[in-house]
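Open the model in your viewer and show side chains as sticks. This tour moves through aromatic rings and what lies around them.

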Amino acid sequence: MALPFFKKSDSSGAVDAALLPPLDRMPKHVGFIMDGNGRWATRRGMPRKYGHVEGAKRFKDLSFYCADIGIRNVSFYVFSTENWKRSQEEVDVLMDLFWEYLCDADNYKDRNIRLMFIGDKSRLSDKLRNKMLELERDSKDFTKMNLILAINYGGRDEICRATQQIAREAQAGRLSPDDITEQTVSDHLYTAGLDDVDFLIRSSGELRLSNYLIWQCAYAEYYFTDVLWPDFDREKLNLALQEYAKRGRRFGGMKNV
């Protein structure tokens, strides 16, 4: 099924630094839960798939923008382990969109953006899995930004897999149970080597993580907005980043008075 995805999309535009916090008050890792695509379409009397198409355009624009304003790591919740419960038609639409995104990924390589895919790839089609591996390999040395896409991802599943790997190492005598630390767990997650999430943004008014990066979001600042994802534009991201810059992050310590 052909869908009008990224073709002829204009994601250029100058960045107005006056609208942003100072760089030292910007998060190192922003996570996005892109929620509300279906509702956005339904409110306009359109099929849900068009909401996903518009949401994909918004994802592309904001991923470029995050790179332009100096955010080091940006992650997007593309497809969860629970999303397989949706209708087969909607799952097919999402997978078609994802395939078109992968085929249009030269835009990211041209911008020196590293592409990373987290989640269980085994349930995906061979063509998707092979393309993802190809893009990861081709962009592994790019340094402007890490763009992390979570597909067939679940936070509990990720922690369970990490625990199994650690248990196998302990069983083989390569690791003592007494030496297992939080860092050990982090090193066995899909996101090993990346900064934890500083700022988690969820659109559409839902107030939950939905099993997204639950280990990595342990000390994240959360930002929930009623805006549906296709309407969450650069201006709204600027406002969210300004809110982040106002918050005091103590990581369990005392607030300075």
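Start by selecting F32, F59, F64, F76, F98, Y101, Y108, F117, W229 and F232, which ring pairs link into a cluster. The model is predicted. Across the whole structure, a search finds 18 aromatic pairs.

Next, keep F59 and F76 on screen. Their ring centres are 4.7 Å apart and their planes stand at 90°, so this pair is edge-to-face; the cut-off for that class is over 60 degrees. Colour by secondary structure: F59 belongs to helix α2 (residues 48-68) and F76 to strand β2 (residues 73-80), so the contact ties together parts 17 residues apart in sequence. Add a surface, and ask of F59 and F76: buried or exposed? Both are buried.

Stay on helix α2 and move to F64. F64 pairs with Y108 in a tilted arrangement, at 4.9 Å centre to centre and with 45° between the planes. Y108 sits in helix α4 (residues 106-110), 44 residues from F64, and the pair links distant parts of the chain. F64 has 2% relative accessibility and therefore counts as buried. Y108, at 1% relative accessibility, is also classed as buried, because buried means under 20%.

Now add R111 to the selection. Which ring face does R111 lie over? R111 is placed over the face of F64, 3.8 Å from the ring centre.

For the last stop, select K127 and W99. K127 lies over the face of W99, at 4.5 Å from the ring centre.

Terms used:
Residues numbered from 1 in each chain as written. Predicted model: local features only at pLDDT ≥ 70, side-chain atom pairs only at ≥ 80, totals over all residues. Heavy atoms only, no water. Phe/Tyr/Trp six-rings, centres within 6.5 Å; stacked < 30°, edge-to-face > 60°. Helix = DSSP H or I, 4+ residues; strand = E, 2+ residues; numbered from the N terminus. Buried < 20%, exposed > 50% of the residue type's maximum accessible area, 1.4 Å probe, protein only. Lys NZ or Arg CZ within 6 Å of the ring centre and 35° of its normal.
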